[in-house]
Amino acid sequence: MVMTSPTPMPLVSIITPSFNQARYLEATIQSVLGQDYPRIEYIIVDGGSTDGSVDIIKKYEKTLESDSLLLDSQKQASGLQNRAISWWVSEKDKGQTDAINKGFVRAKGDILAWLNSDDTYEPKAVGAAVKYLLEHPQVGMVYADANFINEDGRVIGKFNSAQTDYRLLRQGYVHIPQQTMFFRASLWKEVGPLDPSFYFAMDYDLWTRIAQRAPLIYLPQTWANFRLHTSGKTIAADDRCWPEMIRVHYRDGGGFFSVIVAKYYIRKLVAPLWNWRRRMMLKS
């Protein structure tokens with residue numbers, strides 16, 4: 001009898017772009033390295049931080065099993081005993097989109113994701129995403145629910161996640177928390193890299209390109225925490241998101257008389273109220 005070796009578990013490459021986020025970065029790193037999924041390639045692309053971020057990154061260069069930075073009990077509780085950052089760099093770049101692209105150039109994984117340096121994964125998120133993609137080979141990307149958390153990591157709300165597809169995305173129906181998405185590297189090779197001219201909607205642009213080729217699937221599970229804070233892009237530069245989405249719309253042949261354009265103008269009217277509501281969430 002000829003024995004066949006089992007199919008190896010796919011490698012998951014996770015990129016964290018970061019710049020001067022020392023206050024939150026360690027929690028992000030620990031949430032990745034603490035996952036129970038065994039095959040993770042973790043890459044951090046720092047934009048030349050001067051706030052102590054590099055010192056934090058260096059703590060996780062080697063396996064913490066032989067490191068005295070954490071007590072044995074802390075290592076066991078965090079699940080970090082045999083994990084380390086696979087590769088990192090700290091150098092001036094052209095911003096978040098450029099940093100993510102730089103990370104994916106080095107990524108060797110079959111499944112890709114990025115997690116910003118102020119967000120965190122929930123335990124077992126990576127394994128759940130891999131399991132679904134393995135069981136559904138026709139699916140190009142999977143995503144789930146996310147909590148809103150404040151500067152101290154306390155849950156203050158829930159992201160309004162929902163199932164979407166290419167048609168709905170083109171209408172501005174964006175209910176995907178970027179922190180929870182995992183997609184196939186084979187699709188990245190077809191549609192990547194991210195457009196470096198986008199500051200905010202580079203993920204939306206990627207989703208539309210993936211959705212043209214394969215289904216996006218939403219799962220009602222909580223996989224990540226989306227941190228809201230006053231210096232975060234979601235609050236500090238929210239007014240740049242929808243204009244970039246409109247750029248995608250017109251670039252891909254959309255017209256003026258369309259759902260997404262109508263939503264854009266409505267959003268401009270309600271933006272002050274929307275941002276006020278987000279700020280009130282931070283104070284609650």
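**Strand 2 and Gln21**

Modeller: Both faces of strand 2 are covered, with Ile40, Tyr42, Ile44 and Asp46 on one side and Glu41, Ile43 and Val45 on the other, all of them buried (under 20% relative accessible area with a 1.4 Å probe, protein chains only; strands are DSSP runs of E, at least two residues, and helices runs of H or I, at least four, numbered from the N terminus). This is a predicted model, in which local features need pLDDT of at least 70, side-chain atom pairs count only at pLDDT 80 or more, and totals for chains, interfaces and linings use all residues. Residues are numbered from 1 along each chain as its sequence is written, and side-chain values use heavy atoms, with hydrogens and water left out.

Colleague: Why is strand 2 largely enclosed by the rest of the structure?

Modeller: Because 7 of the 7 residues in strand 2, residues 40-46, are buried.

Colleague: And how many bridges join strand 1 to strand 2?

Modeller: Strand 1 (residues 12-18) runs parallel to strand 2 and is joined to it by 7 bridges (pairing requires at least two DSSP bridges), and Ser13 stands opposite Glu41.

Colleague: Which strand does strand 2 pair with over 4 bridges?

Modeller: That is strand 3, residues 87-90, again in the parallel sense, with Trp87 of strand 3 opposite Ile43.

Colleague: Switching topic, where is Gln21, and is Gln21 buried or exposed?

Modeller: Gln21 lies in the loop between strand 1 and helix 1, and Gln21 is buried, at a relative accessible area of 17%.

Colleague: What is Gln21 in contact with?

Modeller: Leaving aside neighbours within four places in sequence, Gln21 is in contact with Asp51, Ser53, Ser117, Asp118 and His229, where contact means heavy atoms within 4.5 Å.

Notes. Buried means under 20% relative accessible area, exposed over 50%, partly exposed in between (1.4 Å probe, protein chains only).
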